[in-house]
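Student: Could you take me through one part of this structure slowly? I would like to look at the place where two chains meet.

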There are 2 protein chains.
Amino acid sequence: MNLSQRAVEIQASPIRKLMPYSINAKKRGIHVYQLNIGQPDIETPQEMIDVYRNYDEKVLAYGPSQGLDLYRKALVRYYKKHQIELNEDEIIVTTAGSEAIIFAMMVTCNPGDEIIVPEPFYTNYNGFATMAGVKIVPLTTYAETGFALPEKDKIEAVITDKTRAIMICNPGNPTGTVYTRQQMEMLAELVKKHNLYLITDEVYREFVYEGDPAVSALSIKGIEDRVLMCDSISKRYSACGARIGCIVSRNKDIMSAILKFAQARLCPPTIDQLAAAACVDLPAEYTANILAEYDKRRNIVYEELQKIDGIVCVKPGGAFYINAKLPIEDAEDFIIWMLENFHIDNETIMAAPAEGFYATPGLGRNELRLAYVLNENDLVKAMNIFRKGLEEYIKTH
Amino acid sequence: MNLSQRAVEIQASPIRKLMPYSINAKKRGIHVYQLNIGQPDIETPQEMIDVYRNYDEKVLAYGPSQGLDLYRKALVRYYKKHQIELNEDEIIVTTAGSEAIIFAMMVTCNPGDEIIVPEPFYTNYNGFATMAGVKIVPLTTYAETGFALPEKDKIEAVITDKTRAIMICNPGNPTGTVYTRQQMEMLAELVKKHNLYLITDEVYREFVYEGDPAVSALSIKGIEDRVLMCDSISKRYSACGARIGCIVSRNKDIMSAILKFAQARLCPPTIDQLAAAACVDLPAEYTANILAEYDKRRNIVYEELQKIDGIVCVKPGGAFYINAKLPIEDAEDFIIWMLENFHIDNETIMAAPAEGFYATPGLGRNELRLAYVLNENDLVKAMNIFRKGLEEYIKTH
């Protein structure tokens, strides 16, 4: 029995693929500090948990395909706090950011069309692109320059008559890079000039540690009908398991079409939307406290990395990842070696080899993404093990 | 700005498209009995609601892409009760039955490939097919014969070198038809002979009112590697808003590939899975009581329909729908007319015009799907309004 071509081609998650090594290590009694996955250890707001705890409807019913009115109204308030004026009809609630991205690809591209994405990029874009039959055209960015967006002419060089959109993640996963307003304006010029869409993944909006807030594509004038913004509550409220996201566009045709995709799958989870709605009116200190916590972690990881000879890593301004180039050849081999051979006091670490974040073959083999989602104490221990392990690995390889 | 071809082509939900007329009626103070959508009024089990109410984790975290171990183990027990022996690795939890169906299409078909589906069929198959680039080849069945599965030669006549699968919904939405073991064996022979997959939507498994239980494709010998079974808790536990389904296959290659699709979207909702798990061990009376309730409703609707001159409708044995052929030309026009013009004591009814359930143009225009998801009292009133309205409509048109 043959499988479909996309079933054969779809990338296995490079973030999750080393899990068997981690499970084996745990079976041998080794504690594994997980820096490989963006699962925050920060507590989900009690206000959100309380919605589940207080649920008392008799029938857990379908909601509207576009999302519950109550939650879409809450999202209008949320974006207003970020200086983005929207009305409810410009928002469709999705089953996590994942569904928002697949809807964005499906609605803008025919099979065979191209989307330009700066690499390294969130690896699951590959999976969604395979499902949608879309070709991701990578635009390489470099650890040496903090994964800064390439200049305009470099981007124009990869635009073809198949290009339908430029897609960015800002602040970036796996890079932590925050694009400037100037860069966002440059992208706006490009999409206007070449008649493209701009798809943005802004799930790390709140996670900016220095300078100005992240610039949403929705705040750029003149490209209102070109922007599809994908969002999720997973990171900002530490609620990855709720699977609530949304897609936002001011282009009415786009929204009408996405609504049809949304109708096919009926609706996003009902109670989880109610729970998400409870987070919108959290006090500003909620985010400030989380940010302060992540900033401490960012400094720990960055400073520990700086102690390593030959590391290439510009301090990133956002999200909760650092993507570093290591003075070794094969980061995946290093992580497997760590899980199998290296531990201090029965503890070791796991991180995500960055090769899977690149679409260009061969790139990123000596890079690693570290998610600083552990508390300070654990992170200090984990980074010590990481550094000692790397020294030992270099000596023995 | 152009949209993609699939965005233009994807069908708007015919079940939901008359909603504006219903909303307008409600604004004019008319109560609308909703027979148009499969949203049961039966209470969600308290055991399930209690899981939400007792949730006390600190971090609402991602689960595994294949679903929570706890829930997959529960599903093994569930299927065992239905004489289907599975192990956990043969089950991947999905975000509702919808995601199971789109995974099934994506993993078996290349864009342009064909899936044979008896029509009338659950209209959202069209949306998923458009997303997956799959062509649905309809196999017409008829109200006159209770939408019985066509004979083998009729099915073979539509198999081409593009055919990858036969897909059925059993018990059927919108028909209520339950296929016999003999028919299932015939399908098994066909998929073996022509090297096809058999995709089944078995979300109405419990809803069989007479004779033997529904025959799962998973219980047919000799096609273990060909069956992809799509399931959902929405109907059986009246939990449509939880968005928990699953896909089951004994074909290891299929399951490995589906896992990669599943990894791209990370995981299904976490708490909703915990809630679903609590339903598996409900006593057998839970289902028996619901079935008795639905059976009463089925009789009410069927008997009221029988009073209508010229109606064509064989009493269906399963699910909670009756698809009837009316003695009029245009069922959609009739429903719009009911919502706009006909009411008794300020009450009217809404049902789903069946044309949207057919892929063959022009078929089903004079058919209507009635979902008997209201309590007895309401249903009696609704069917009286329906009958009187139809008489009046026939007189005036």
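Student: How many residues of chain A are in contact with chain B, and how many residues of chain B are on the other side?

Tutor: Happy to! Keep in mind that this is a predicted model. In it, 82 residues of chain A are in contact with 81 residues of chain B. The area buried between the two chains is about 6300 Å², and carbon and sulfur atoms give 56% of that. On the chain A side, the residues that lose the most area to chain B are Met1(A), Arg6(A) and Tyr62(A), which together make up 13% of what that side buries.

Now for the contacts between the chains. Between chain A and chain B there are 46 residue pairs in polar contact, while the count of salt bridges is zero. Several helices take part: α1, α3, α5, α6, α9 and α10 of chain A each give two or more residues to the side that touches chain B. The largest share, seven residues, comes from α9(A).

Next, see how the two copies are arranged. A turn of 180° with a shift of 0.0 Å along the axis lays chain A on chain B with an RMSD of 0.0 Å. That is the relation of a two-fold axis. Look for Arg53(A) here: of the residues of chain A, its C-alpha comes closest to the rotation axis, at 1.9 Å. Finally, 99% of the interface residues of chain A are also interface residues in chain B, so the copies meet through the same surface.

Conventions: Residues numbered from 1 in each chain as written. Chains lettered and ligands numbered in written order. Predicted model: local features only at pLDDT ≥ 70, side-chain atom pairs only at ≥ 80, totals over all residues. Heavy atoms only, no water. Least-squares fit on C-alpha atoms with pLDDT ≥ 70 in both. Contact = heavy atoms within 4.5 Å. Buried area = accessible area lost by both parts, 1.4 Å probe. Salt bridge = Lys/Arg side-chain N within 4 Å of Asp/Glu carboxyl O. Polar contact = N/O pair within 3.5 Å; in protein donor to acceptor, adjacent residues only side chain to side chain. Helix = DSSP H or I, 4+ residues; strand = E, 2+ residues; numbered from the N terminus.
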